[in-house]
Amino acid sequence: MVRRASRGWQIIFAAMVWAALLPATAALAGPFTRLQILTPGESAAPGTASGKTGTPQAQTAGVPFTITVRACDSGWNLVSTVTDAVQILASDASANLPSPAQLVGGTATFSVTFNAAGTFTIFAHDQTDGTIPDGASAAVRSLVLQGFRFATISQKHEYAGVPDNTTITAIDPSGNTVTGFSGQVHLQEITSFGVGRISPEFVTFSNGLWSGAVTMYRADESSINRGNVNMYAFLDAAPAKNGTSDPFIVHPGPFARAQLIVPGETPLPGSVSGKTGSPATQSAGRGFAVSVWATDNWWNPVPSADNVRIISSDAAANTPQTGTLSNGFRQFTVSLGTVGTQTLTVADLTNGSIQGMTSPGIQVIPSAVAMFVVGTIASPQTAGVPVAVTIRATDTNGNTIPNYAGDAVLVANTGSGSITPELITFTNGVWAGAMTFKGAGGAVSFTCADFSAPPHTGTSNSFTVNPGPFTGLEVLLPGETARGGTSDGREGTPTDQTAGATFTLTLRAVDAYWNLVPGIADSIALGSSDAFAGIPAHAALANGQALIPAQLFRSGLQRIWASDLTQPSILPDTSSAVRVIGGSFARVLVLAPGESPAPGTTSGRTGTATDQSINYAFTVTVLATDTWWNPVGGITDVVHISSDDPLATLPLDQAMVDGRADLTMRLARGGYDQITVADVTRPSIQGSSTQVRAISSGFHLEAAMSPTTVRAGEPFTLTVKVTNDAGSVIQEINSFVTVQVQNASTRASGRGTLLTTQFQLLQGQRAVSETYSFAEPIIVIARDDAGNAPATSNAITITPGAPTDIRLTSNPPWVGGNKHATVSARLVDAYENGVPGQAMVFQLISGNGTLTAIDSLTAADGTARADFLSPRQPEFDHIRASSNGIVADMNLETAFVDPNAPGGSVTNYPNPFHAPLEPTTIAYKLDDDATVTLRIFTLSGDLVLHRTYVRGAVGGRSGLNEVTWDGRNGEGHVVASGGYVALIEAQGTGETLHVIRRKLAVVR
């Protein structure tokens, strides 16, 4: 019992605390019963008889004032929940009254203006609740105020800053004092220059009067006789109620200050600061005008011829500057040089008692980019070792341009490419990063330049760059100059050399950047593309380099290379290609089939002569050469071919054409036969000989295709020739050749089309340009009509050609509701070969189905797939596939009846269905418009429903028709669960088109 009582007290105490925390108005306010109006001078006093305290202040006609309307209960407590619309009325018929407005939190303020003299009452009317009586204010007095009258001014000469007494009277239209007027009035000094400063600026009237001392600060001597200065009084709330004093003159005080005015500022005599505005931002190094004025204590200009000086907080400014005032004024041109906030100060040098002044801070920004400043780079540096470098974009004073973000190029005096990076981008006017110097030298420097015209530039200090460690060799030819730090370490073009002439080769030990490394004395091996070059096999470096005499004999482009024998890990080097120009005509060279020219060799030839068949013609070639077997053009001498085969059929003597002759001959003796050439025109020209073996053997075809891979429809070359067992072409057999294509893997007949399948050999061989249409590996079998053994070619691979089309299909070709289909897009070339490995994109252009890509790339057959999930209702979905800029579209039909089904087909969906919550749709196809009778029976034959559809209308149209059954019988009752039969009879014009049956299932 005790515990239960304790619990009850806890509850009561908590309720008391909660009640104490609630707002007082919520606890005290009763129902809304009245409206209260408070005028200026009154305050709310809930619980009192009148509900307010204070006395209404008199108002001035034509001057708006504010009243407060409160929604109250019977005890004048605010009812904060009231939001009624309130209208304000007044007993002054001419008053300006506000528009009705809603209370917010039970209260609202309104502006009211009386326009007549007298005592008036203001009313508040509740427009929302007609049961609330109108609230009425206390009586408010309205005074008519015409303006203000100043006391007569007898002393027209006043001085800035010196007070003078005056009296101001509030008057009505008749000029009588408005004794009831009390309130604040605004005073101004009016000059010919504008409004001046006055003190006090606001005065408070009592019973229509104010008297006191007034001080003017702005001097105006523009009318020395009459005066152009007035005192002006007005009401802020009603500026038309005003008054102006007699005119008078305000003279400036004595010279007391030196005033400094910078751009952005404007002098304002008489004001507290003496000026308006803020200093304008200045660009470093650019001059701007600064004005100095002689003024009194209140910044009014006064005459003076004192000497003044301007100094600056900026050591880079063009100050100090000194000059003499002329009638109290002087202008200086000042430039500031240091970015940041700077000030200027003026002082009077003539009179130390004159107060100087310092300008507000002047923001100095860099001027336009003038140059680039590179931070000092220490010396020495090592080639290839990065060093931190800072480059600043600056103005002419060296100030960094903070918003500069341009690009610039770095170029070293060691050559293009000898430093990294070579292109930099500034951020906030600065680039800082690691630079690598590759070119060694004692006075290395680099220049930074932007892309303007002309460019802004800056050059680094000079410093030494030492070479790095010995890493490689360099071979230089005449015409080339070493250029360390560049990409190939050299510049210039090798000078052409005459075959057999001696020239000097330069060999250098270098670091990784082609800089000469002194002190190296390694042994170097030399070689050349000219096998018989006249160069030493070995050479020794002295202090990192060597000069070597050399000769080249083989015409054309030749090279010389070097490798280090002492340190095999040192990188070798190959020279640039030097053009060797052959000598004069000195020899004739004979070449048999299988042999090729080899200038600079002992025999002048390379390769092995192929065996030739006895009594079959072959061709030998004769070339005019110099002493080193280099071909010489322009020679037309007659040459003679001879052989040690006494039965050989030799060609007639023949003139060379541009230093070449091709002559046909036959050998008749088996074994090795010597063939010799001699110059008939000039017997002194040295001849030459070669040896050919003559054989007796059978012939066969040879076939070859190139290249090994080609796309369908693109050309490749098929070469067929008749050769003997030694591989020599039998030039006298010009048989007809037939070629057949086989798959290289299965040896089945090729599935494509070969461009040319028959052709005739010319001089025992033929090269034919072919194309093939099917992508597969192929070989060709070549046969001729001369009975030579057939040839099987090498295999080449035919790949698909460039994509030309997309074959877009669906399986199945149509789909039921909420069913899946696979959409296949096959990317093919012009020959229907699938193109594999290509990106394929699927898109559902329109429709409510869902299309999801299965493959992003085409498979080996060129196909990519996507899954299509159909919507639940029949429609056509527009599907797009795209690849390589090729687009294919298709419409995939969602249907409940096969779109290709014949008339007389029927289905229903869903089946079974839940009557009457969902109907089933019966879909059937008609061959033509017909009158359709739909009857539904129980399985025992009882008729459940009978409907008729008019010919040509819904249910009786040619094609697909869809009608619904909600499971109700003809009386509107839901049928029982079970099986039913739908019988559809379509009657055409005089004949029955269809009789269709469908079993239906109802589940309740």
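Me: In this predicted model, which strands does the two-residue hairpin join?

Reply: The model is a prediction. The hairpin joins β16 to β17, and two residues make the connection. The two strands run antiparallel, with three bridges between them. One of the pairs to look for is E189 in β16 with G196 in β17.

Me: Where is F193 found relative to β16 and β17?

Reply: F193 is in the loop between β16 (183–191) and β17 (194–196).

Me: Is F193 buried, partly exposed or exposed?

Reply: Burial is read from relative accessible area: under 20% is buried, over 50% is exposed, and partly exposed is in between. F193 has 48% relative accessibility, so F193 counts as partly exposed.

Me: What does F193 touch, leaving out residues up to four places away in sequence?

Reply: With those residues left out, F193 touches R218, A219 and D220. For a sense of distance, take L934, 741 residues from F193 along the chain: the C-alpha atoms of the two are separated by 103 Å.

Me: Which other strands does β16 pair with, and in what sense?

Reply: β16 pairs with β19 (residues 202–205) in the antiparallel sense, over four bridges. In that pairing, H186 stands opposite F202 of β19. β16 is also joined to β21 (residues 230–234) by five bridges, and these strands run antiparallel too.

Me: Which residue of β21 is the bridge partner of E189?

Reply: The partner of E189 in β21 is M231. E189 therefore appears in two pairings when bridges are read as strand pairing: with M231 in β21 and with G196 in β17.

Me: How do I read the largest nonpolar core, and which residues touch the most other members?

Reply: A nonpolar core is a set of buried nonpolar side chains joined by contacts, so begin with the members that touch the most others. Here the largest core has 27 residues, and those members are F148, F181, V185, F205, M231 and L235.

Me: Which elements give two or more residues to this core?

Reply: They are β13 (147–150), β15 (164–171), β16, β19, β20 (209–216) and β21. The largest share, three residues, comes from β20.

Me: How are β13, β15 and β20 paired?

Reply: β13 and β15 pair in the antiparallel sense over four bridges, and R149 has T169 of β15 as its bridge partner. β15 and β20 run antiparallel and are joined by six bridges. In β20, S211 is the residue opposite T167.

Me: What does F205 touch beyond its sequence neighbours up to four places away?

Reply: The contacts of F205 include F148, F181 and V185, and also I168, T169, A170, S182, G183 and W210.

Me: What is the volume of the largest pocket?

Reply: It is about 340 Å³. The pocket is lined by 16 residues, and those closest to its centre are Q59, T60, V63, F181 and S182. β4 (59–60) and β16 are the elements that give two or more residues to the lining. By class, the lining has eight nonpolar, seven polar and one charged residues.

Me: Why are β62 and β65 left with one side without a neighbour in the sheet?

Reply: Start from the strand order. An open sheet of five strands, with mixed pairing, has the order β62-β68-β67-β64-β65. β62 (612–613) and β65 (654–655) stand at its edges and have a single partner strand each, so one side of each has no neighbour in the sheet. β65 and β64 (residues 638–643) run antiparallel, joined by two bridges. V639 has Q654 of β65 as its bridge partner.

Me: Which backbone angles should I check?

Reply: Most residues other than glycine have a negative phi, and most peptide bonds are trans. The bond from T319 to P320 is cis, with omega near 5°, and P320 is in the loop between β29 (307–312) and β30 (321–324). The bond from N911 to P912 is also cis, with omega near 5°. P912 is in the loop between β86 (906–909) and β87 (920–926).

Me: Is W514, which has a positive phi, buried or exposed?

Reply: W514 has 18% relative accessibility and so counts as buried. Its phi is about 70°, and W514 lies in the loop between β51 (502–510) and β52 (523–528).

Me: What is the phi of N818 near, and where is N818 placed?

Reply: The phi of N818 is near 55°, a positive value in a residue other than glycine. N818 is in the loop between β79 (814–815) and β80 (820–828). With 33% relative accessibility, N818 counts as partly exposed.

Key
Residues numbered from 1 in each chain as written. Predicted model: local features only at pLDDT ≥ 70, side-chain atom pairs only at ≥ 80, totals over all residues. Heavy atoms only, no water. Buried < 20%, exposed > 50% of the residue type's maximum accessible area, 1.4 Å probe, protein only. Contact = heavy atoms within 4.5 Å. 1 Å grid on protein atoms, 1.4 Å probe; cavity = no way out; pocket = protein on both sides within 12 Å on 5 of 7 lines; lining within 4 Å. Points joined across faces, edges and corners; volume = space filled by probe spheres on them. Nonpolar A, V, L, I, M, F, W, Y, C, P; charged D, E, K, R; others polar. Core = buried A, V, L, I, M, F, W, Y, C linked by side-chain atoms within 4.5 Å.
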